[in-house]
Amino acid sequence: SPVRKRSIMQYPPIEVLPLSEGWEKIYKMGVLPLQQSVEGQGTELWGASKFIMVYDLVFKLCIQRDPYNYSEQIYKNYCKVVEEYVHSGSENLSRAITDSD
């Protein structure tokens with residue numbers, strides 16, 4: 001009987017998510033709403049679906065293989081944004097901190 005050749009499964013190419021694109025989405029969907037919520041400007045921080053979208057973006061950016069693993073850059077970007085926000089002396093932030101006491 002003839003020998004059957006096994007076909008090799010073809011996997012679709014893994015799409016690399018660029019840092020600039022991913023961070024922009026994280027910032028718009030996650031960081032800004034958080035800042036607005038702290039300042040009392042947002043009606044709702046996140047719904048479950050938006051939270052999952054942001055979480056998924058962060059996860060994807062952090063598990064890509066080198067040189068596309070952006071764990072460190074995401075961490076640094078987030079720290080920078082928080083630091084800038086706190087040091088900006090936002091009146092709304094000061095009011096939010098005072099109101100919570």
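The second largest pocket of this predicted model is lined by I14, E15, V16, K60, I63, Q64, R65, D66 and Y68. By class, this lining holds four nonpolar residues, one polar residue and four charged residues. The volume of the second largest pocket is about 160 Å³.

One of its lining residues, D66, also takes part in a cis peptide bond: the bond from D66 to P67 is cis, with omega near 10°. In general, most peptide bonds are trans. P67 itself lies in the loop between α2 and α3.

The largest pocket encloses about 230 Å³ of space. Its lining consists of W23, I26, G30, V31, L34, W46, F51, V54, Y55, V58, I74 and Y78. Eleven of these residues are nonpolar, one is polar and none is charged. Three helices, α1, α2 (48-63) and α3, each supply at least two residues of this lining. The largest share, five residues, comes from α1.

The helix α1 also packs against each of the other two helices, and the geometry of both pairs is set out below.

| Helix pair | Axes come within | Crossing angle | Handedness |
|---|---|---|---|
| α1 and α2 | 10 Å | roughly 155° | left-handed |
| α1 and α3 | 11 Å | roughly 35° | right-handed |

For the pair α1 and α2, the axes cross at roughly 155°. This angle makes α1 roughly antiparallel to α2, because angles over 145 degrees count as roughly antiparallel. On the α1 side, the contact is made by L19, G22, W23, K25, I26, M29 and G30, which meet K50, M53, V54, L57, V58 and L61 in α2. The residues of this contact divide into nine nonpolar, two polar and two charged.

For the pair α1 and α3, the helices span residues 19-38 and 71-87 respectively, and their axes cross at roughly 35°. Here L19, W23, I26, Y27, V31, L34, Q35 and V38 in α1 meet Q73, I74, N77, Y78, V81 and Y85 in α3. Eleven nonpolar residues and three polar residues make up this contact, with no charged residue.

Several residues recur in these descriptions. W23 and I26 of α1 meet residues of α2, meet residues of α3, and are included in the lining of the largest pocket. V54 and V58 are among the α2 residues in contact with α1, and both also line the largest pocket. Likewise, I74 and Y78 are among the α3 residues that meet α1, and both belong to the lining of the largest pocket.

Note on methods. Residues numbered from 1 in each chain as written. Predicted model: local features only at pLDDT ≥ 70, side-chain atom pairs only at ≥ 80, totals over all residues. Heavy atoms only, no water. Axes fitted to C-alpha atoms, helices over the stretch in contact; angles between N-to-C directions. Helix = DSSP H or I, 4+ residues; strand = E, 2+ residues; numbered from the N terminus. Left-handed = near helix turned anticlockwise from the far one by under 90°. Contact = heavy atoms within 4.5 Å. Nonpolar A, V, L, I, M, F, W, Y, C, P; charged D, E, K, R; others polar. 1 Å grid on protein atoms, 1.4 Å probe; cavity = no way out; pocket = protein on both sides within 12 Å on 5 of 7 lines; lining within 4 Å. Points joined across faces, edges and corners; volume = space filled by probe spheres on them. Parallel < 35°, antiparallel > 145°, perpendicular 65-115°, else oblique.
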